[in-house]
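Reader: I'd enjoy a close look at a single part of this structure, with the way its pieces pack against each other spelled out. Could you pick one and take me through it step by step?

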Amino acid sequence: MFATIPERQMHWVRWVLTVGWLLIIASLFYDPWTAALTEPGHPWSLLALTDSCVQVQGQCVVQEPYPIGATIFWGAVVPAGIFILLIFGHELWRRICPLSFLSQIPRALGKQRQFRRENQKTGKVRFELAKVKPDSWLGRNYLYFQFAYLFVGLCGRILFFNADRLVLGSWLVFTILAAIAVGYFYGGKSWCQYFCPMAPVQTVFSEPRGLLGSKAHMSDSRITQSMCRTVTPEGQEQSACVACQSPCLDIDSERTYWDGLHAPQESLMRYGYLGLVVGYFVYYYLYAGNWDYYFSGVWNRDPNQLASLMSPGLYLFGQPIGLPKLFAVPLVLGAFTLAGIGLGRLLTARAKARLLQRNPNASTDLVQHRFFAMTTFIAFNFFFFFAGRPLLRLTPLWVQFLFDGIILFASTLWLQQSWGRSPARYSRENLAGRLRKQLTKLRLDTSRFLEGRSLEELSADEVYVLAKVLPDFTQEKRHQAYKGVVRDALAEGYATTANSLDVLQQMRRELDISENEHRQVLEELGIEDPDLLSPDRQRSLENQIRLSGYQRSLERLLRLQSQPNLASFEPSPQETETLQALRSEYAISPQEEDWVLQDLEAEGLPKAQGLLARLSQWVDCAEALTHPTLQDHEQVVTVVRDAVVRKQELLVRSLLKTLPNLPDHPDTAALVQSLHQLAPPALATWLNQASYRDQLPLEVVKTLTQPIPANPIPPSPQATIDHLENLLTHYNPLVAAASLYLLAQFDAERATMQAEKLRQGDHPPLVQDTAAAVLVAGNHPPLKAFPTLEKLVYLHNSDFFHRLAPHTLIALAQQAEVRTHTSGEAITEAGDTCRELLILMAGEASIHYQQPEGTRVEQFHPGQTLDELEVLAHRDLENTILADSDPTRILAIPVDAFDTLLDKDPDFARRVLALESQRLQVLMNLSGI
């Protein structure tokens, strides 16, 4: 809601509020005027003193006229902040908070602490903005620090500056100076994120979001909620985020909430805050012996506040307790805080235990969330039962009842809204928002389904339903939309390559995307942007926003200078200073600057040239696999070659998509000619498809389709070894293990060295097992010395299981069994119950069909399946299968494992159906049907 208000308007609002706040602070030091409003007998002032006796520990407090600055601050300003947080959310509060505004003074002046960084190789010096490190003490414990700061502040209110205007003013000035100092020492909103004592209050009342707060995870805007922003001279708003904290409350409060739901700091802060608030207000009664002391507001003008520090701090049952107030206050507030933490955690633990007793697999997220929501509801209503009450009681009864009704009504609406939230619902809405963006990019005709509404107005469930009913949302476009969702999720750190299959499970189910299609999408993204899948590049939404802001600033600078790209940009001394200021403002490291520059140059000709360079490497790799030494291991080579060809296919497809958008330039012609010279098999395959051929210029198609004279150059042994070593890091563990096996055939010493590294590193079990076998197998080990790898190789090369997902193939291999038969021995006999799917691994076998006209014999060769029809039909074997060589090796897969795979993998089921249809046609032709 308030996230969309222009920054320039909010800037003026901040100025007005800040000036007003500073005037209140100034009045604490000097105010000779407002005391007249509290004079007894004032004709119209509600603040006029009366002659009523307010007792404190049995004695009437002497009341004298007083300036009203402190009364306004405690009775109106502070309660207004709490109300804003619950109703409008932090996205309004953080954008108008005067203290946050003042903490940005060093940034506005360009005077912030920076670290000097020098590149040892180039000698280039740069300066980076200082930020709180996540692994520092403050980065790990800032919630405890802020809560302790809040605790000290509330103790200080009662002891020192509730009524003493000079102490209160000094405390507020100190806080302002501290905020400005933090703004100098650390970039971003570090004061708000790591130091401000109001932060725990914001967390309690504004998470998961305010009653009228916006849903950042469903927003199409690049600038959400209260995130840092700036305005360019052209009047456009731009992110100024420096990723000072991740996850960031200012960007998406609900994401921050769910990420920290089970963190011990969260329960301590929320339950502790409730106990602290209760203890704070109850103390007034325990101190004075009556509630009139608080509700009359005498505590806000008590002339004896500092003088009473060593007086009795408690008054119980009409008797003062000899514990000085200086010690009683922290003891009472501390006891209530600990009680709140203990009781809250105890009740939550019991509720979770009861849930798990009923359902051991249930998630406890909802239990924890609802306890937090009830804590906020109780804290809000308890706070407003007391806060501002001394001023409110001066108004007519109908105003008091109206105020209480508004508070209860608003907090109930907030509780109802928050009660139905859950991590699963947030995730569903998040992914639906991403899908909505992709549907918008595809420009599908959705108007006839929306009845006048826009895509942005649809709920998460409606977006998924729309995707299912759109007639022109074809399988290809569904794949394209899902690919865009995965790209955004990876770029923002919402998912990683390791967990994306699980994180996006719900969306895959809604869009009917199989696991194999998901892995295909990851492969395509890895081709288009290798850094996207790199585990070395730590990604988060905050960093993505920060780098995007820096990139947009660079693009603006290029536009102002009318430069087409960075390569032709030669900055002047003034522009060099601007670039340095931008790097500092966004806290850009040298590596991050390289990433941004790569992204700026990742379109057009540079992108195509990068794709061509990678294609050339994979073509060389394919040629290296043709070395004569590897000819005796064709089954294993096929496993590796299939992965290499797959990479070539993806690169060629990306290149053909890029070529139509390239300018008519000599470099483009040279690139096309280089692609023609490479001529991988995938090029001809994709050029035969009209969807690619028709989009390319005629001259390009003509060049690419010209015949190339065959001039094979045998690969060198060293080239083969180098490519095999590069494949050891392939994401598919079967390819990595197969490459290590082939390396052992080629160079035992190099294979042993690589096996030692693979055994010690964090690698898949298959790769580690293969490495262990290489270390003990000696020179030129046979494939039988690698039992698991051998089964996987034959599974991969069979028609049924070709290109099956690696983890599925490995699971099948673990259940499969290798059997050896001698010549003439029956592998299966007619009448046997079919319990296994059989694949011929080595040797010869034949099936003997018993027909009226005699026995018909069909020969099988390695890689063929022997009894798939019986397995699919779950019937007894009708024919006998005999081994025809010595030895004959068979791979037996249990029928149950095969059936489970059919149920779980629709792609596999479709492939089996197609293969068996062909098989039946052959049998029918042989039978003359």
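Author: Let's settle one word before anything else: a residue is buried when its relative accessible area is under 20%, exposed when that area is over 50%, and partly exposed in between (1.4 Å probe, protein chains only). The model is predicted, so local features need pLDDT of at least 70 and side-chain atom pairs count only at pLDDT 80 or more, while totals for chains, interfaces and linings use all residues. Residues are numbered from 1 along each chain as its sequence is written, and side-chain values use heavy atoms, with hydrogens and water left out.

A quick view of the whole helps to place the part. The protein has 41 helices and 15 strands, both taken as DSSP runs numbered from the N terminus (helices H or I, at least four residues; strands E, at least two). Its C-alpha trace spans about 125 × 70 × 60 Å along the principal axes. Of the 929 residues, 51% are buried.

The part I'd pick is helix α37, together with the sheet it lies across. α37 covers residues 787–797, and eight of its 11 residues are buried, leaving the helix mostly covered. The buried ones are L789, E790, K791, L792, V793, Y794, L795 and H796.

Let's take the sheet beside it. It is an open sheet of three strands in the order β9-β15-β11, with antiparallel pairing; two strands pair if DSSP finds at least two bridges between them. The edge positions belong to β9 (817–821) and β11 (836–842), each of which has a single partner strand, so one side of each has no neighbour in the sheet. On average, neighbouring strands here are turned by 30° against each other, direction ignored.

Now follow β11 across to its partner. β15 (residues 888–894) pairs with β11 in the antiparallel sense over six bridges. You can find L837 opposite I893 of β15, and A842 has R889 of β15 as its bridge partner. Although β11 stands at an edge, five of its seven residues are buried, so the strand is largely enclosed by the rest of the structure.

There is also a detail worth checking just ahead of β15. D886 and P887 are joined by a cis peptide bond, with omega about 5°. P887 sits in the loop that runs between β14 (880–883) and β15. Most peptide bonds are trans.

Back to the helix. α37 lies across β9, β11 and β15 and runs at about 80° to β15; here angles run from 0 to 180 degrees between N-to-C directions, and axes are lines fitted to C-alpha atoms, for helices over the stretch in contact. A second helix, α34 (residues 733–746), also packs with α37: their axes come within 11 Å and cross at roughly 115°. That makes α34 roughly perpendicular to α37, a label for 65 to 115 degrees (under 35 is roughly parallel, over 145 roughly antiparallel, the rest oblique). The crossing is left-handed, meaning that the near helix is turned anticlockwise from the far one by less than a right angle; clockwise would be right-handed.

Which residues make this helix pair? L734, A737, A738 and Y741 of α34 meet L789, L792 and H796 of α37, contact being heavy atoms within 4.5 Å. By class, that contact has six nonpolar residues, one polar and no charged ones. Nonpolar here covers Ala, Val, Leu, Ile, Met, Phe, Trp, Tyr, Cys and Pro; Asp, Glu, Lys and Arg are charged, and the others, Gly among them, are polar. L789, L792 and H796, the α37 residues of this contact, also appear among the buried residues of the helix.

For a companion to that cis bond, look at the loop between β6 (237–239) and α10 (253–259), which holds P247. A cis peptide bond joins S246 and P247, with omega about -5°. A243 lies in that loop between β6 and α10 too. Its phi is near 55°, a positive value in a residue other than glycine, and at 15% relative accessibility A243 counts as buried. D512, which is not a glycine either, has a positive phi of about 60°. D512 is exposed, with a relative accessible area of 56%, in the loop between α22 (505–511) and α23 (515–528).
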